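Me: I would like to go through this model one feature at a time. Please reason briefly and end each reply on the value or name I ask for.

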Amino acid sequence: MKKTGILNRHLSGALAELGHGDGVLVCDAGMPIPDGPRVVDLAFRAGVPSFAEVLDGLLAELVVEGATAATELREANPAASALLEREFPKLELVSHERLKELSAGARLVVRTGEARPYANVLLHCGVFF
């Protein structure tokens with residue numbers, strides 16, 4: 001049994017299957033989830049777990065070489081915007097509609113319980129060497 005890191009067996013297993021170039025969409029409870037990608041739904045109640053908590057846990061275990069979020073995030077959710085811009089100085093911003101299109105190509109979707117708007121980011125997996 002694992003004693004540290006991500007304990008959710010479905011999420012831990014899905015992360016172990018990722019490779020360089022794969023996309024991971026971390027999304028709020030309201031983001032439409034496309035057909036195709038594997039989905040690990042962590043949402044329990046509105047706000048639980050939060051976008052920030054889930055992102056923090058994922059970033060502790062993944063090599064991420066870039067990230068994409070919606071332009072609308074800046075105005076609608078300043079806290080999430082500040083978090084993403086702090087974690088990803090070269091954060092790519094696209095329209096929310098474009099982010100939804102890009103999410104169809106993700107290998108994994110991790111749905112949080114986040115209830116604040118536009119708390120969504122598409123992570124681009126890197127390689128550790």
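Reply: Helices (H or I, at least four residues) and strands (E, at least two) are DSSP runs, numbered from the N terminus. The model is a predicted one.

Me: Where does Pro49 lie?
Reply: Pro49 is joined to Val48 by a cis peptide bond, with omega at about -10 degrees. Most peptide bonds are trans. As for its place in the chain, Pro49 belongs to the loop between β2 and α2 (51-61).

Me: What is the strand order of the open sheet of six strands?
Reply: The pairing in this open sheet is mixed. Strands β1 (residues 23-27) and β5 (residues 108-111) are parallel, whereas β3 (residues 64-70) and β6 (residues 121-125) run antiparallel. The order across the sheet is β2-β5-β1-β6-β3-β4.

Me: Which strands stand at the edges?
Reply: A strand with a single partner has one side left without a neighbour in the sheet, so the edges are found by looking for such strands. They are β2 (38-41) and β4 (92-94).

Me: By how many degrees are neighbouring strands of this sheet turned against each other on average?
Reply: The direction of the strands is ignored for this value. Averaged over neighbouring strands, the turn is 20 degrees.

Me: Which residue in β5 is the bridge partner of Cys27?
Reply: Strands β1 and β5 pair over four bridges. For Cys27, the partner in β5 is Arg111.

Me: Which residue in β5 does Val39 stand opposite?
Reply: β2 and β5 run parallel and are joined by four bridges. Opposite Val39 in β5 stands Val109.

Me: Which residue in β6 stands opposite Thr68?
Reply: Four bridges join the antiparallel strands β3 and β6. Facing Thr68 from β6 is Leu122.

Me: Is Gly23 buried or exposed?
Reply: Gly23 is in strand β1. Its C-alpha atom is 13 Å from that of Val127, which is 104 residues away along the chain. The relative accessibility of Gly23 is 10%, and the cut-off is under 20%, so the residue counts as buried.

Me: What is the geometry of the pair formed by Phe128 and Phe129?
Reply: The count of aromatic pairs comes to one. The ring centres of Phe128 and Phe129 are 5.3 Å apart, and the planes stand at 85 degrees. Planes over 60 degrees apart fall in one class, so the pair is edge-to-face.

Me: Are Phe128 and Phe129 buried or exposed?
Reply: Phe128 has a relative accessible area of 72%. For Phe129 the value is 76%. The cut-off is over 50%, so both Phe128 and Phe129 are exposed.

Me: How does Tyr118 count by relative accessibility?
Reply: Tyr118 lies in the loop between β5 and β6. Its phi is near 60 degrees, a positive value in a residue other than glycine. With 26% relative accessibility, Tyr118 counts as partly exposed.

Me: Which helix gives the largest share of the lining of the largest pocket?
Reply: The largest pocket has a volume of about 240 Å³. Of its 14 lining residues, the closest to the centre are Leu15, Leu18, Glu61, Leu62 and Val63. The lining divides into nine nonpolar, four polar and one charged residue. Its largest share, three residues, comes from helix α1 (residues 9-16).

Note on methods
Residues are numbered from 1 along each chain as its sequence is written. This is a predicted model: local features need pLDDT of at least 70, side-chain atom pairs count only at pLDDT 80 or more; totals for chains, interfaces and linings use all residues. Side-chain values use heavy atoms; hydrogens and water are left out. Two strands pair if DSSP finds at least two bridges between them. Axes are lines fitted to C-alpha atoms, for helices over the stretch in contact, and angles run from 0 to 180 degrees between N-to-C directions. Rings of Phe, Tyr and Trp (its six-membered ring) pair if their centres lie within 6.5 Å; planes under 30 degrees apart count as stacked, over 60 as edge-to-face and the rest as tilted. Buried means under 20% relative accessible area, exposed over 50%, partly exposed in between (1.4 Å probe, protein chains only). On a 1 Å grid over the protein atoms alone, a cavity is a set of points where a 1.4 Å probe fits but cannot get out, and a pocket is an open set with protein on both sides within 12 Å along at least five of seven lines; lining residues have an atom within 4 Å of a point. Grid points are joined across faces, edges and corners, and a volume is the space filled by probe spheres set on the points. Ala, Val, Leu, Ile, Met, Phe, Trp, Tyr, Cys and Pro count as nonpolar, Asp, Glu, Lys and Arg as charged, and the others, Gly among them, as polar.
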